[in-house]
Amino acid sequence: MIRINELRLPLHHPEEALRPAVVERLGIPDAQLTAFTVFKRSYDARKKTAMVLIYSVDCEINGGSDAAAEAALLQRHAGDSHIKPSPDTDYKFAGHAPTDFYAASAGGAGEAGERPRPIVIGFGPCGLFAALILAQMGLRPIVLERGKQVRERTKDTWGLWRESVLDPESNVQFGEGGAGTFSDGKLYSQISDPRFLTRKVLTEFVKAGAPEEILFVSKPHIGTFRLVSMIIKMRADIESLGGEIRFQQKVTDLLIEPGADGQQHVRGVTLATGEQLRADHVVLALGHSARDTFTMLHERGVHMEAKPFSIGYRIEHPQSIIDKARFGPNAGHPILGAADYKLVHHAGNGRSVYSFCMCPGGTVVAATSEPNRVVTNGMSQYSRNERNANAGIVVGITPEDYRQDGKKDGSAVNPLDGFAFQRFWESRAYELGEGSYLAPAALVGDFVKRQRSTALGSVEPSYKPGVTMTDLQQKGNGSLPKYALDAIREALPAFERQIRGFAMNDAVLTGVETRTSSPLRITRGKDYQSLNVRGLYPAGEGAGYAGGIMSAGVDGIEVAEAVGKSLLGLKD
């Protein structure tokens with residue numbers, strides 16, 4: 001197979017124009033091109049009146065059986081960096097367990113004579129793919145998820161949005177599918193991916209019912225409703241391969257013992273029910289909001305460290321304004337869909353302000369997991385056809401910003417201090433919203449002028465249960481630290497210069513966005529194991545190694561491979 005990169009065609013080209021363009025680019029007769037597949041399609045929107053689509057295409061010549069002809073063609077284009085052999089993107093398993101790897105016992109982990117099975121804690125994107133890979137390797141993982149199955153969880157989540165009733169164990173953060181279920185379903189990432197593990201993630205999603213276009217569009221997404229049915233299908237696949245998923249099973253302790261090598265080793269977990277499960281391999285795929293579990297891990301001495309994260313608001317505009325600013329006269333083209341954006345501003349006070357988790361044609365959602373606190377996030381459906389665009393407008397902060405001991409000696413910050421910081425501002429948002437999980441909100445025009453908002457304008461906020469219009473910058477008692485307020489206020493007019501209408505008076509800011517990423521990292525070595533507890537594999541977003549569905553899924557795959565190699569006695 002031969003791959004052509006950077007094949008450019010006008011946005012409005014007919015579908016049948018692609019084949020002649022491939023033939024011309026390769027310089028071959030049409031009959032020699034047996035088949036071709038679009039590997040990636042993106043667009044260049046810099047010239048709005050002359051937008052182009054950019055293709056990467058895999059080509060088969062002479063039926064794929066003429067290696068000499070393919071080699072000759074590649075030699076003819078040897079000086080062309082955009083025509084190369086197609087890379088092998090198929091996933092390769094690290095190994096497979098023999099059929100008799102586990103004893104014939106039908107019981108659970110820990111029974112006499114049975115080899116301990118690996119445990120995965122958490123069933124978000126990271127835990128899902130860790131469990132799937134382990135199951136596909138024949139290693140029969142046990143998944144422990146503190147929340148409920150996704151359909152029950154969806155009902156509980158709607159209970160908060162529609163009736164202001166929070167279930168602390170079943171919400172946007174906890175339950176089957178993790179926080180990624182109630183999001184835009186973005187399936188792209190900027191991680192380095194030399195092994196094409198993102199392709200494995202996308203392929204499994206397509207097998208589970210995602211549209212095939214996610215394999216080639218530049219910014220694939222699937223939305224919440226599709227994710228729900230896909231997760232159920234993937235759960236069934238794991239179970240059919242011998243895996244076991246246990247819902248409403250909260251892990252309250254780790255069983256850790258000294259080993260013969262002088263190091264600490266994980267030997268199992270304790271559940272809230274008091275049940276103990278034996279395991280020598282435990283994957284921590286917790287997500288960033290399992291604060292009680294992180295506290296337990298810290299108390300048990302698992303090595304972790306404080307890390308930067310970001311805080312801010314959700315901003316909403318009419319989607320039509322974003323479409324026009326980004327696509328000009330091409331706004332509404334079916335290939336382009338709803339426009340997104342990515343913005344960064346370096347404020348005069350040294351803070352960076354940037355857009356985060358932009359959701360075209362979506363809604364702002366209540367994302368708290370703790371009573372009497374307000375947290376916002378963004379969500380879109382596959383269609384992305386809601387009237388508003390929303391994104392986080394957030395400010396980067398460091399551990400020194402949130403340390404609780406007041407020290408300024410450069411000493412290490414307690415890794416749990418970030419949770420205390422988040423809780424403070426989430427509780428403040430609940431107060432400003434005046435209870436019932438209403439969120440505090442302000443018009444952008446009022447925010448820039450440092451004044452209180454008393455009424456909505458042309459933009460209707462999508463956050464449910466609802467918003468309370470207020471002054472987000474109350475002197476000495478605002479909704480965020482002063483440095484964050486100052487930086488955001490400076491950034492909004494700067495963003496206006498990049499997207500006309502961004503700082504429109506009636507755009508709405510809704511607070512607060514505090515859970516952009518985990519405030520700590522459970523540090524691990526090159527073998528993916530905890531630095532000081534052997535057999536413990538920190539993974540995904542909560543452990544500080546991912547940010548979003550795709551990167552969390554890839555990290556889950558890599559951690560599962562490490563677990564599998566250890567169980568099977570394989571070397572790298």
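Two strands count as paired if DSSP finds at least two bridges between them. Keep that in mind as we explore this predicted model.

**Exercise 1.** Find out which strands pair with β19, and in which sense.

*Solution.* Step 1: locate β19, which covers residues 439-443. Step 2: look at strand β20 (residues 467-469), which runs parallel to β19 and is joined to it by three bridges. Here P440 has T468 as its bridge partner. Step 3: turn to strand β21 (residues 508-513), where three bridges again link up with β19, but in the antiparallel sense. In this pairing, A442 sits opposite L509.

**Exercise 2.** Decide whether the two faces of β19 are covered or open.

*Solution.* Step 1: take one side, where A439, A441 and L443 are buried. Step 2: take the other side, where P440 and A442 are buried too. Step 3: put the sides together: five of the five residues in β19 are buried, and both faces are covered.

**Exercise 3.** Describe helix α4: what is its span, what does it pack against, and what follows it?

*Solution.* Step 1: α4 (residues 150-163) has 14 residues and reaches 19 Å from its first C-alpha to its last, close to the expected 20 Å. Step 2: list its buried residues, among them V150, T154, T157 and W161. An α-helix has 3.6 residues a turn, so residues three or four places apart point the same way. Step 3: the buried residues of α4 pack against α6 (223-240), β16 (363-366) and β17 (376-379). Step 4: just after the helix comes S164, with a positive phi near 60°.

Conventions. Residues numbered from 1 in each chain as written. Predicted model: local features only at pLDDT ≥ 70, side-chain atom pairs only at ≥ 80, totals over all residues. Heavy atoms only, no water. Buried < 20%, exposed > 50% of the residue type's maximum accessible area, 1.4 Å probe, protein only. Helix = DSSP H or I, 4+ residues; strand = E, 2+ residues; numbered from the N terminus. Expected span 1.5 Å × (residues − 1). Contact = heavy atoms within 4.5 Å.
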